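Q: Could you take me through one part of this protein up close? I would like to start from the overall layout and then zoom in on a single residue and its surroundings.

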Amino acid sequence: VKSGVVSSTAPCAVAVTSLAVLGSGVSSGAVSVSKGSTLQLGTSLSSSDGSVVTWWSDGSHVAVTGTGNVVGLSAGTDTVTVTVNGKKATVKVTVTA
């Protein structure tokens, strides 16, 4: 090797993934739950790597825990949102009487 700069390049694969809300009954971005019942939602991205996962609702018809557990409180529809690693997904949750 002669004196000078040695450089090397190698291909790098970057995985681009999208975030989706998953759960029993979730279809086309919507799901129903009966008043007083519980529904467990999840995401298409894993949080096992220590990522921060945040769940919330935009209304008062459901309560949402930090683990995606949704409880129907009163009849109506709320949008439940989850964020993971800066990605966001939503699902419309309709509470039936």
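A: Happy to! This is a predicted model, and the protein in it has nine strands and zero helices. Reading from the N terminus, the elements therefore run as β nine times over, β-β-β-β-β-β-β-β-β. Of its 97 residues, 25% count as buried.

Now let's pick out one sheet. Four strands make up an open sheet with mixed pairing, and their order across it is 2-9-8-5. Strand 2 (30-34) and strand 5 (53-57) are at the edges, where each has a single partner strand, so one side of each has no neighbour in the sheet. On average, neighbouring strands of this sheet are turned by 25° against each other, direction ignored.

Let's move to the edge formed by strand 5. Strand 5 and strand 8 (residues 76-84) run antiparallel and are joined by five bridges. One residue to look for is Ser57, whose bridge partner in strand 8 is Val80.

Strand 8 also holds the residue for our close look, Asp78. The side chain of Asp78 makes a polar contact with the side chain of Ser57, at 3.2 Å. Asp78 is buried, yet it has no salt bridge. The nearest side chain of opposite charge belongs to Lys92, 8.6 Å away, and a salt bridge would need the charged atoms within 4 Å.

Who else surrounds Asp78? Setting aside neighbours within four places in sequence, Asp78 is in contact with Ser57, Asp58, Gly59, Ser60, His61 and Val62, and also with Val91, Lys92 and Val93.

Notes
Residues are numbered from 1 along each chain as its sequence is written. This is a predicted model: local features need pLDDT of at least 70, side-chain atom pairs count only at pLDDT 80 or more; totals for chains, interfaces and linings use all residues. Side-chain values use heavy atoms; hydrogens and water are left out. Two strands pair if DSSP finds at least two bridges between them. Helices (H or I, at least four residues) and strands (E, at least two) are DSSP runs, numbered from the N terminus. Axes are lines fitted to C-alpha atoms, for helices over the stretch in contact, and angles run from 0 to 180 degrees between N-to-C directions. Buried means under 20% relative accessible area, exposed over 50%, partly exposed in between (1.4 Å probe, protein chains only). Lys and Arg count as positive and Asp and Glu as negative; His and the chain ends are not counted. A polar contact is a pair of N or O atoms within 3.5 Å; within protein, one must be able to donate a hydrogen and the other to accept it, and residues adjacent in sequence count only if both atoms are side-chain atoms. Contact means heavy atoms within 4.5 Å.
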